[in-house]
Amino acid sequence: MTAVDTLSILAGTRARVGPAAGFLIRQASDGADLSAYRRLRHDAFVADQHLFIGSDADDVDDDPRTVVLVAVGPDSTVVGGVRLAPRHEPDIGWWAGSRLVVSPAARTSGVGPALVRAACAHAESAGVLRFDATVQRRHATMFGALGWEDHGDCLVGGQPHATMRWQLDRMQRLADGTKSFLGDALAPLREVPGGLGPAGFVGDDGVPLPGSDLVAACDAIIPSMVERDPEWAGWCSVLVNVNDLTAMGAVPTGLLDAVGAPTKSLLTRIVRGIAKASRAWGVPVLGGHTQLGVPASLAVTALGRTSTPIRAGGGSAGDVVRLTADVGGQWRPGHHGRQWDSSSTRSTADLVELSTLVARMSPRAAKDVSMAGVVGTVGMLAEASGTGAELDVARIPRPAVADMGAWLTCFPGYAMLTADRAGAPAPRVPPGVATGDCGVLTARRGVRLRWPDGVTTTAVAADVTGLGRA
């Protein structure tokens, strides 16, 4: 990469860190905004600082994915700007900010820090997972005051610079919000003999019943989802339970449901969704409990059989992590970026084939991807195995239309994480299903992401649930 390519955020001068006033930051809306921004850059980096000869334009300016934010004064004059863009093709959630510039007349107004904050906010809202910048060393203190991490020195245009990184904690927040409380909340159950499941299956959604080949799994659907999208909630209540059995290598044999609704209309739609899914997977609802005139609620228990259940905690450090996911379909309407729907368009034959996939793979460890997302779920698999995990971001299978940030944190419908010895053969999968080795279990706890430049960033700092080794 040339010096121009590696140049990132370049602050024109030291700026006051504090409340901004007298200007508005917006995304560049037309050619006039861009032209004014580039004139400011030329004046600062070519004419004044001599960091470039002739022009500071580069390939990032020509990348259609590049976003430019500008600060405009009360008279709509552009007084500063910054750009941010993906660092990889295709976009894998690694972005960099660059060419931060402020006009001389606005350098004491707080425009520079405000543009940096706006760039960080835009990156977070776009689902970016890693956000870097290379700044002039004399301005690293300002970036540090804004919360950026300093990752060492480098030279750009013969001038000392600092490699900076904005800490993005989207996956840590998801893990904390969905799973981190489990260890403490479920502690009383450990006091009962056999509580939380037999050895090797402690705390899992699905567990083998002692002394039999039966496997039971249970999942509840978030009440707000039941109220907002009742038929889809009914469908998903079957989907997630079949997924639990699939991850254990079990053949589903029957379901029990517990349904509550404030009105008969809502109850009917919930049950309709359950019935459609029951028919689609060919797994009957054997019984359960139904209530009317109560707050919306939905939980389903699934029963299955296998004589050789696969453990979530069967992995060891050095095992290869594989993700197998149904990448056909689309975001569920009303749940864009949060729930991927491929199962509702699949035939019964396809769904049954997918439900046997992990059993045919027979890996050392497996877990279906839950609401904690791919990263949170691989963290749970690693925790249950007494290990950590590292994922190679560029090798993670995903739908072409899904941003990496959303894909790694959404409920992906059908997605199985497995861990096995290196060299295990890839499974045969039906059309529309992607599979690939994309990580490794490690002795170091937590989950890290490895990027194409060899850098690793922390996605989840420690164990996800607090339940410990299964």
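**Figure 1. Helices and strands across the whole protein.** This predicted model contains 15 helices and 21 strands. Taken along the principal axes, the box filled by the C-alpha atoms is roughly 80 × 50 × 45 Å. The protein has 470 residues, and 53% of them count as buried. If you follow the contacts between residues at least 6 apart in sequence, you will find that 76% join residues at least 24 apart.

**Figure 2. The surface and the charges of the protein.** Here we turn to the outside. The accessible surface amounts to about 19,500 Å², and carbon and sulfur atoms account for 55% of that area. Among the side chains, 44 are positive and 46 are negative. The centres of these two sets lie 1 Å apart.

**Figure 3. A close-up of helix α4, residues 111–125.** This helix has 15 residues, and at 1.5 Å a residue they should span 21 Å. The end C-alpha atoms of α4 are 21 Å apart, so the model agrees with that expectation. Which residues of α4 are buried? At the start of the list come Val111, Gly112, Pro113, Ala114, Leu115 and Val116, and the list goes on with Ala118, Ala119, Cys120 and Ala123. As a help in reading this view, an α-helix has 3.6 residues a turn, so residues three or four places apart point the same way. Gly127 follows α4, and its phi is positive, near 75°.

**Figure 4. A close-up of Asp326 and its neighbours.** Look for Asp326 in strand β13, which covers residues 320–326. Is Asp326 buried or exposed? Its relative accessible area is 1%, and because buried means under 20%, Asp326 counts as buried. The side chain of Asp326 makes a polar contact of 3.1 Å with the side chain of Ser342. A polar atom of the Asp326 side chain also lies 3.3 Å from the backbone nitrogen of Gly328. Leaving aside residues up to four places away in sequence, Asp326 touches Trp340, Ser342, Arg346, Leu354, Tyr414, Gly432 and Val433.

**Figure 5. A close-up of Val135 in strand β5.** Strand β5 runs over residues 130–136, and Val135 is found in it. Val135 is buried, with a relative accessible area of 0%. How many Å separate the C-alpha atoms of Val135 and Val440? The separation is 33 Å, for two residues that are 305 residues apart along the chain.

Definitions and conventions: Residues numbered from 1 in each chain as written. Predicted model: local features only at pLDDT ≥ 70, side-chain atom pairs only at ≥ 80, totals over all residues. Heavy atoms only, no water. Helix = DSSP H or I, 4+ residues; strand = E, 2+ residues; numbered from the N terminus. Expected span 1.5 Å × (residues − 1). Buried < 20%, exposed > 50% of the residue type's maximum accessible area, 1.4 Å probe, protein only. Contact = heavy atoms within 4.5 Å. Areas by Shrake-Rupley, 256 points an atom, 1.4 Å probe, with all protein chains shown as cover. Lys, Arg positive; Asp, Glu negative; His and termini not counted. Charge placed at Lys NZ, Arg CZ, Asp CG, Glu CD. Polar contact = N/O pair within 3.5 Å; in protein donor to acceptor, adjacent residues only side chain to side chain.
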